[in-house]
Amino acid sequence: MTILASAPSAIRQYRHLTLVLALAAIVTVSLVRVFTDQSRMTTPGTLRLALIAACPILLAGLGGLWAERAGIVNIGLEGQMLLGTWGAAFFAYHFGAWVGVLGALLMGALGGLLHAVATITFGVDHIISGVAINIAGLGAVGYLAQTFFTDLDGGGPRNLSGYAVPTEVTIPGISDGARWVSEQRWFLISDVAAAVAGVTTRLSLLTILAVALVAVTAWVLWRTPFGLRLRSCGENPQAAETLGVNVYRYKYIAVLISGAFAGLGGAYLAMVASSSFTTGQTNGRGYIGLASMIFGNWNPTGVLASSLMFGYADGVSLLSDNGPLVHALLLLLSLILLGYAALKYVGGERVTGLVVALIAVALLVWYLAVDSVPSDFTGMTPYVLTLFVLAVASQRLRMPAASGKSYRRGQAG
Amino acid sequence: MSGQRNGQVGRRITQAVTYSILPTVVAIVAALVATSIVVWATGAPIGGFVDTMLSVPSHRDTIIIVNQASMIALSAFAAAICFRMGLFNIGVEGQYIVGACAGAFFAGAGIVPGPLNILATLVVAMFAGVVWAMIAAILNVTRGVSEVISAIMLNYVALTLAGYLVKNYGERSGYTFTTPKIAPSSQPLGFGLFADAPDIWALAILAVIVGIGYAFLLGWTRFGFDLRTTGESRTAALANGIDPRRMVLVVMAISGAIAGLVWMPSFFGSTHTFGIPEYFQRGLGFTGLAVALLGRNTSLGIGFGSLLFAFLATQSNRLQSVGVARDVVEITQGVVVLMVVIAFEIARRIKVRREQERVARELEPATTGAPA
């Protein structure tokens, strides 16, 4: 009884804490922005770029989430995403923008089907199958591009442009108003306004779809009987089997959806992030998507938050002459880590707190010692950050219990 | 007596053929058929594809195949030693980038004179590979971080880091940057095979040395036994006094050392300098992973698999002239890995079923004869 009674209040308290932390983060960002005089840190342009860079990672991450919730590790996201870029370009060129999106979904799902057959039906190790799909996917996209795009108008053996892409919308009043406020460089208010302007200016419908899929994923997986059964296959497939759940079917559905999401991420790259197709366009974003899923603790909102962060790092690396800006971000990162270290220390994890504090101080020293950071290091940020988070927080992360394990029907005995 | 023994030997050979060689052959054929279907379905000239792929390579191409195979095999051994212990070292890619970069800087600096420079460079490259592998290993052992995920991250960090180092501490060469070229006195001679073709790279021999060392280590030493035991069951290993965490560190270190060597044959054999992307060959780490799986983590299997993959890649260079995109062999390479694993799984299931049937048959008279 006490557990039942205390659970909601614990959740409320947790949400309360998240809100406070989010607010603290925004204040810190704003403070650093004012202190370092790097206004580009939160202009609508930068934030729009960050959002666009975040969406493919988000879609790949959600794809990974679907598969892992049903117990299948999908390292093949990268290959499925690549197939999606080709599908989007091919179908959009011949049949229009939204058929292109559908084509990307189908191509991604095809990669997912391959993974499903190998891992579910034949019990192949999930990592092996994923690696094979990534190799084959890269080859398939190179082959298909050369075979189908070379002779097209606007095409070449490794690229294609000149196809229709989903519409971009600007919300008239809010976009201009928020932009004006953001240009005033007021503390806190301008930064929030920049975010508002960033998401209301030239917003692709595909972006809206991507963010909506976070809510859809959360609702389907946690609020429907279908989702409950699917997740039970990822936690304890033998128990699910004894309750009459057709585990194979749920796993197949999950991996197909996973591939389709990754394919959609590919479509986003080839249609929104850039309006043309090139081979190898994903450039490791499938893997970062996987990282954002882990970083987000196998939760849709967590995936959203971490992919926005990775997207920001990715977006900043695209800005020209970004050395001073990255330099300023160094200070921000150091402050955030100091805050995190303090939380850990107070919470009783003294050693972790001290180690994190040490790293924060090292970053601070680096910040004070130089005026600018080589742009090469910005590109590295998502990877280093993920390694760091895994090293510090891996004990707090919880993956689905049966994820990556082989399952054969009839094991329950 | 001897007849019975001959029968047993015969059955062993039959079993080896049925459950090891047959699945491999089936997988390779299935992958080639699948690729041919892709070529045919997309309307490309299937006849030209088959003819080109199955043609006898020229002398020049034969040398290229052997050279490439040596690098692929080294990478495969690095992956295989981890596989045998149930570890996935996807990080071979990053480890050999770091090894190549460190080795090239060291060799180019010419600290050690003449041929001795080669040996010293190999040590430096191996050491760099070990350092990079240790990051993933230590995170795995102390913090429980999956080596697969950390390796993926480290691969990208390695690539960016190498690019940064070469750009800032290397020399400008045309539009790109490279490490300083090694002195001619430190460039080994190759093995001449044909008069009308270049030599086989001297350090291709590394693949053979590592291959023999690998077979010896795993099959004939206490350490190899411990390693395989840990791979089968970590709890069983622990119960026998093997510390699995120590094993992870040691095996990852060995794997990193081998990975550091991967690009050395090409470095000393032809490029003599390092710079991404012109003076480097990316992707060998993933190819090696595939070959290790194809070769079932055995020395002979890896040797054969690396030659096969090098053969496919080299033959594909001539596909362009018959109007087929050469990327198609990557489909073959990816599919063959899937097929080989699937084929072995099916063979295993058949074996288990047959054995169950055999046991049931042998027990049958006893059970029917026994009083109820």
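Biologist: What is the relative accessibility of Glu235(A), a residue that counts as partly exposed?

Modeller: This is a predicted model, in which local features need pLDDT of at least 70 and side-chain atom pairs count only at pLDDT 80 or more, while totals for chains, interfaces and linings use all residues. Residues are numbered from 1 along each chain as its sequence is written, chains are lettered from A and ligands numbered from 1 in the order in which they are written, and side-chain values use heavy atoms, with hydrogens and water left out. Buried means under 20% relative accessible area, exposed over 50%, and partly exposed in between (1.4 Å probe, protein chains only). Glu235(A) counts as partly exposed because its relative accessibility is 28%.

Biologist: With which residue does Glu235(A) form a salt bridge?

Modeller: A salt bridge is a side-chain nitrogen of Lys or Arg within 4 Å of a carboxyl oxygen of Asp or Glu, and here the closest N and O atoms are 3.0 Å apart. The pair links distant parts of the chain, 163 residues apart, with Glu235(A) in helix α9 (residues 225-235) of chain A and its partner in the segment after α16 (375-393); helices (H or I, at least four residues) and strands (E, at least two) are DSSP runs, numbered from the N terminus. The partner is itself partly exposed, with a relative accessible area of 45%. The residue that bridges to Glu235(A) is Arg398(A).

Biologist: Which residue forms a salt bridge with Arg48(A), with the closest N and O atoms 3.8 Å apart?

Modeller: The partner lies 120 residues from Arg48(A), in strand β3 (residues 168-169) of chain A, while Arg48(A) itself is in helix α2 (residues 44-69). Arg48(A) counts as buried because its relative accessibility is 16%, whereas the partner is partly exposed at 37%. A network of salt bridges links these two residues with Arg202(A). The residue 3.8 Å from Arg48(A) is Glu168(A).

Biologist: Are Asp314(A) and Arg285(A), which also meet in a salt bridge, buried or exposed?

Modeller: Their side chains meet at 3.4 Å, N to O. The pair links distant parts of the chain, 29 residues apart, with Asp314(A) in helix α13 (residues 300-318) and Arg285(A) in helix α12 (residues 285-295) of chain A. Both residues are buried.

Biologist: How many residues of chain B are in contact with chain A?

Modeller: Contact means heavy atoms within 4.5 Å, and on the side of chain A the count is 45 residues. The area buried between the chains (the accessible area, 1.4 Å probe, that two parts lose on being put together, summed over both) is about 3,800 Å², of which carbon and sulfur atoms give 75%. Arg143(B), Met153(B) and Tyr156(B) supply 17% of the area that chain B buries against chain A, more than any other three residues. The number of chain B residues in contact with chain A is 44.

Biologist: Which residue of chain A forms a salt bridge with Asp327(B)?

Modeller: The rule finds one salt bridge across the interface of chain B and chain A. In the bridge made by Asp327(B), the closest N and O atoms are 3.0 Å apart. The chain A partner of Asp327(B) is Arg158(A).

Biologist: Which residue of chain A is in contact with Gln320(B), leaving aside neighbours within four places in sequence?

Modeller: Gln320(B) sits in the loop between α13 (299-316) and α14 of chain B, and it counts as partly exposed because its relative accessibility is 38%. Its C-alpha atom is 9.6 Å from that of Phe49(B), although the two are 271 residues apart along the chain. Within chain B, Gln320(B) is in contact with Ala325(B) and Arg326(B), and from chain A it is in contact with Gln146(A).

Biologist: Which residue in the loop between α11 and α12 of chain B has a positive phi of about 60 degrees although it is not a glycine?

Modeller: That loop, between α11 (264-271) and α12, also holds Pro277(B), where the peptide bond from Ile276(B) is cis, with omega near 5 degrees. The residue asked about is buried, because its relative accessible area is 12%. The residue with the positive phi is His272(B).
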